[in-house]
Amino acid sequence: MSIIKRAIDAQGLVRVSFIDSRDIVQKAVDIHNTTPVVTAALGRTLTMAALIGSGMKSEEDTVSTFIKGDGPIGTIVCTADGKGNVKGCVANTQVDLPLKSNGKLDVGKAVGKGTLAITMDLGLKEPYVGQVPLVTGEIAEDFTYYYAKSQQIPTAISLGVLVDTDYSVKQAGGLFVQLMPGCDDETAALIEENFTALKPVTTMLEEGMSPDLIITSVMAGLFFKDLDDAEYEYRCDCSREKIEKALISLGEKELLSMINEDHGAQVTCRFCPEVYQFTEYELGELLKKAKAK
Ligand SMILES: [Zn+2]
């Protein structure tokens, strides 16, 4: 379980949230068996998805982030809801690249050039979709750019994943700061100064800095109050019903080939180890539904 601490300044102009996401990222590593650079890329994205999810108004709302780069990692997909669930997957879990000259994992190279898209399902008729080009592929910069460009919300984001020598997750966390419309230049400059003075997230966690102290450091010089904590966990909500829907949406041709050539289907969830078996007969029932569409 990972706790998201949140705060807002007295005038309602600055919102800050911080998550120690080690548990979430470790669960992702346990499920996907990722190499360190993939752990960092997926871990940063999961951390960000949870931070966005915790800011949604309704528990039924969901957010999905799609990082589509031309690097070896392939597409990274993460989904979070307003209830505290977050999950994610990557196309290639086994990427291995040399470290950067500063000794850090080369997430930018693993992700490559491409786009970041965010889909918000807020229970309206159509989901909201926003998309921007990737700036560096280092994830935090890309989300920062997304909010500046697509939402016109000045945003500061710091995401970090520290992978231990045994490939377990030593530290992971994220800091998300947003200036609301109407924020004056003086407050904006103060927040920027406070944010810039902070060490990287994983360094702060390694040094034992508490989430409360991190938030206090961002808000230094402002009156602020804590908002309710949010609890997030890596949890997959897949079900046989959802997999059936996905199979139906593949269409008649695909279903027929599963029946006639494969004599059944075995579907593994992209986000968790769950495996769903379908017999020829069951696929035939799905085919009827696909035909009725
Ligand atoms: Zn699943």
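Q: Helices (H or I, at least four residues) and strands (E, at least two) are DSSP runs, numbered from the N terminus. Which strand holds valine 63?

A: Valine 63 sits in strand E3, which covers residues 62-69. The model is predicted, so local features need pLDDT of at least 70, side-chain atom pairs count only at pLDDT 80 or more, and totals for chains, interfaces and linings use all residues. Residues are numbered from 1 along each chain as its sequence is written.

Q: How many helices and strands does the chain have?

A: The chain has 10 helices and 12 strands. Its C-alpha atoms fill a box of roughly 70 × 45 × 30 Å, taken along the principal axes.

Q: Is valine 63 buried or exposed?

A: Count the other C-beta atoms, placed from the backbone, within 10 Å: 20 or more is buried, 12 or fewer exposed, in between partly exposed. Valine 63 has 25 such neighbours, so it is buried. Across the chain, buried residues make up 41% of the 293 residues.

Q: Which residues does valine 63 contact, leaving aside those within four places in sequence?

A: Contact means C-beta atoms, placed from the backbone, within 7 Å. Valine 63 touches Ala49, Ile52, Gly53 and Met56. It also touches Ala80, Ile118 and Met120. Now compare a residue off that list. Aspartate 20 is 43 residues from valine 63 along the chain, and their C-alpha atoms are separated by 20 Å.

Q: What share of contacts joins residues 24 or more positions apart?

A: Take the contacts in the chain with a separation of 6 or more. Residues 24 or more positions apart account for 65% of them.

Q: Where is glutamate 186, and is it buried or exposed?

A: Glutamate 186 lies in helix H5, residues 185-196. With 9 C-beta neighbours inside 10 Å, it counts as exposed. Its C-alpha atom is separated by 44 Å from that of phenylalanine 271. Those two residues are 85 apart along the chain.

Q: What is there to notice about phi in glutamine 152?

A: Most residues other than glycine have a negative phi. Glutamine 152 has a positive phi, near 55°. It lies in the loop between helix H4 (140-150) and strand E8 (155-163). It is exposed, with 8 other C-beta atoms within 10 Å.

Q: Where does tyrosine 167 lie, and what is its phi?

A: Tyrosine 167 has a positive phi too, near 75°. Its loop runs between E8 and strand E9 (169-179). It counts as exposed because 12 other C-beta atoms lie within 10 Å.

Q: How do helices H9 and H10 pack?

A: Axes are lines fitted to C-alpha atoms, for helices over the stretch in contact, and angles run from 0 to 180 degrees between N-to-C directions. H9 (residues 252-262) and H10 (residues 280-292) pack at about 165°, with axes 10 Å apart. Under 35 degrees is roughly parallel, over 145 roughly antiparallel, 65 to 115 roughly perpendicular, the rest oblique. H9 and H10 are therefore roughly antiparallel. On the H9 side, the contact uses Glu252, Leu255, Leu256, Met258 and Ile259. On the H10 side, it uses Glu280, Leu283, Gly284, Leu286, Leu287, Ala290 and Lys291.

Q: At what angle does helix H8 pack with H10?

A: H8 covers residues 240-250 and packs with H10 at about 60°. Their axes are 9 Å apart. The two helices are therefore oblique to each other.

Q: Which residues meet there?

A: H8 supplies Glu244, Leu247 and Ile248. They meet Leu286, Lys289 and Ala290 in H10. Look back at the H9 contact: Leu286 and Ala290 are among the H10 residues there as well.

Notes
Contact = placed C-beta atoms within 7 Å.
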